[in-house]
Amino acid sequence: MAIDWQQLSAKYRDAYIADLTTLVGIDSARDDSKATEDYPLGPGPAKALNAFLGLAQRDGFEVKNLDNLVGYVEYGEGNDTLAILGHADAMPAGKGWHTDPFTLTAKDGNLYGRGTSDDKGPSLAAYYGLKMLKDEGIMPKIKIRFIIGTDEESDWTGMNHYLDLEPAPTLGFSPDAEFPLINGEKGNVTFENHFEGSNSGDFTLTEFDAGLRENMVPRDAEATVETADNEQLATDFTAFLDEAPVTGDVNVDGSGIHFHVIGKAAHGMEPKNGINAGTYLASFLTSYAFGGDAADFLSLLANELHDDSRANKLGIAFTDKVMGDLTMNVGIMQFTAGKGGLINTNFRYPTGTGAAQILAGLQQATATMNVTVEQGKEMVPHYVDPEDPIVKTLMNVYREQTGDNDAQPEVVGGGTYGRLMKRGVAFGALFPGTQDTMHQADEFQPEADLLKAMAIYGQAIYELTK
C-alpha cells in the first residue's frame with residue numbers, strides 16, 4: 001500500500017498541536033505529598049493519563065485505565081501483540097525557564113514546554129501514527145497496544161502495575177529516546193549514602209539542598225552556614241564564583257550565611273552535558289573547618305564525586321566497546337543539622353561491571369567516614385541484536401523517511417520502557433543534530449521534527465503489523 005506518510009502527517013498538524021497543548025498544560029510530575037487512594041502518584045500523573053486516554057476515546061479507540069497508574073489504547077486483534085510504550089508523566093519543571101513550562105509556546109520553529117521532548121511530544125506523535133492507520137482504514141494483522149505509563153521518571157510504578165495485571169509484551173518500541181534507534185541500554189542502579197547530622201569545628205552546616213531527581217543533573221543548590229566571620233566567607237564565595245563555571249549569590253542575616261549556586265540541568269544519563277550546582281557548592285565549602293558528619297558529607301561530594309562523571313576517583317571506571325562508559329550522576333544532596341544527610345548517586349553501567357563493583361568503590365571511598373551506603377533499584381543492561389527483524393524493520397523505515405542511509409542503531413545510558421520487552425527497543429523522537437533539552441529548563445522539540453516523527457511512526461507501525 002503506497003502512502004506518502006509525511007504528506008499524510010502534515011494534515012494532522014493542527015490537531016496534533018491542539019492535543020499537545022492540552023497535555024503540556026498538565027503538571028504531571030509525581031508528587032507523593034498529594035497522593036490519595038484515587039491518585040496514588042498525586043493528581044498530576046493521573047490527570048495526564050486520563051487526558052491521553054480521552055483523546056483516544058474521542059478518536060474511536062478502545063481504552064482501559066488501570067487504577068490511574070497506567071492505561072492503554074488497543075487496536076486490532078490477534079494472539080500476537082505489538083506494544084508501543086510511552087509515558088505521560090514528566091520531570092518537575094524546576095527553575096530557569098524563559099517561558100511558562102505548562103503553556104505550549106511556539107518560537108522560532110520550536111515547541112517549548114515540559115514534556116515536549118520527554119515524553120508527551122514523542123508519545124503523542126506515535127499515537128498519531130496509530131491514529132493515521134485507523135483513519136485510513138488499515139486494519140493490522142496483529143493486536144496493537146499503545147501503553148501509557150505515569151511514573152517513568154521515578155520508579156516505573158505504573159508499568160510495573162501493568163505487568164502485574166496484563167501479559168508482558170515481548171515485541172515493541174518506546175518513543176522515548178532518539179533516532180535512528182536504540183537497541184541497547186546500559187544497566188541502571190542507584191546508591192544512597194546516608195549521614196547522621198552532627199557538626200563540630202568553627203563552621204556549622206545548617207542546611208544543604210540540591211537536586212530534584214536522581215536522573216537529573218541539579219541546576220540549583222542552596223546551603224546555610226553559621227560561622228564567626230560571615231563577611232569573609234561571603235567575600236571568598238564571590239571570588240569562587242568568578243573562577244567556577246557557575247553563577248549564584250550570597251546573603252547574610254541573623255540565621256547565618258546563605259549560598260545559592262546555579263549550574264546547568266541535564267539528563268542524568270550523561271552528566272557531562274550539565275553543570276552540577278550541588279557538587280560545585282560542596283567543593284567551595286569543603287575547604288573550611290567543618291567537622292563531624294557535615295565534614296564527611298562535604299568531603300564525599302567535593303573530593304570523591306565532584307566533576308567525575310566516569311567515577312575515576314571511586315576506582316570503578318569501566319568501558320565496554322559496545323555499550324561505552326560507566327557514568328555517574330550525583331542527583332540529590334540533602335543535609336540538615338541534627339537530623340541527617342543524603343547523597344544519591346545514580347550509575348549507568350555497561351556489560352562487564354555491575355552493582356557489586358560500584359558498591360565496593362563507594363564503600364572504599366567512605367571507609368573512614370560515618371556513612372551508610374544502601375543500594376536502591378537496579379535494572380541490568382538490555383540489548384537486542386541488530387539483526388533482529390524489529391531492528392531491521394525500524395531502521396529501514398527511518399532510512400526511507402530521512403534519506404540517511406548510513407544511520408546505525410545505538411546503545412545509550414538512558415533507561416526506557418523498551419527494556420521491559422525481550423525484543424524491545426527505543427525509537428525516537430530526538431533526531432541527530434537536534435539539541436537535547438530533556439530534563440532541562442526551556443525543554444523544546446522542533447515542530448517539524450515532531451511531524452516527521454509522526455510520519456516515521458505511522459509507517460513503522462504499518463510495516464510491523466501488516
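**Close-up 1. Residue N68 and its neighbour D67 in the loop between β1 and β2.** N68 is buried in this predicted model, with a relative accessible area of 15%, where buried means under 20% relative accessible area, exposed over 50% and partly exposed in between, for a 1.4 Å probe and protein chains only. Although N68 is a residue other than glycine, its phi is positive, near 60°, and D67, likewise not a glycine, has a positive phi of about 65°. Most residues other than glycine have a negative phi. The loop that holds D67 runs between β1 (62-66) and β2 (70-75), strands being DSSP runs of E with at least two residues, and helices runs of H or I with at least four, both numbered from the N terminus.

**Close-up 2. Helices α3 and α4 at their crossing.** The axes of α3 (residues 43-58) and α4 (residues 120-135) come within 12 Å and cross at roughly 15°; axes are lines fitted to C-alpha atoms, for helices over the stretch in contact, with angles from 0 to 180 degrees between N-to-C directions. The two helices are therefore roughly parallel to each other, a term for angles under 35 degrees, whereas angles over 145 count as roughly antiparallel, 65 to 115 as roughly perpendicular and the rest as oblique. F52, L55, A56 and R58 in α3 meet S123, L124, Y127 and Y128 in α4, contact meaning heavy atoms within 4.5 Å. The residues of this contact comprise 6 nonpolar, 1 polar and 1 charged.

**Close-up 3. Helices α4 and α11 in contact.** The axes of α4 and α11 (residues 447-465) come within 7 Å and cross at roughly 50°, and the two helices are therefore oblique to each other. Among the residues that make the contact are G121, P122, A125 and A126 of α4 together with L450, A453, M454 and A455 of α11. By class, this contact has 14 nonpolar, 4 polar and no charged residues.

**Close-up 4. Cis peptide bonds at D119 and P180.** The bond from D118 to D119 is cis, with omega near 0°, and D119 is placed in the loop between β5 (110-112) and α4. The bond from F179 to P180 is also cis, with omega near 10°, and P180 has its place in the loop between β8 (177-178) and β9 (182-185). Most peptide bonds are trans.

**Notes.** Residues are numbered from 1 along each chain as its sequence is written, and side-chain values use heavy atoms, with hydrogens and water left out. Because the model is predicted, local features need pLDDT of at least 70 and side-chain atom pairs count only at pLDDT 80 or more, while totals for chains, interfaces and linings use all residues.

Note on methods. A crossing is left-handed if the near helix is turned anticlockwise from the far one by less than a right angle, and right-handed if clockwise. Ala, Val, Leu, Ile, Met, Phe, Trp, Tyr, Cys and Pro count as nonpolar, Asp, Glu, Lys and Arg as charged, and the others, Gly among them, as polar.
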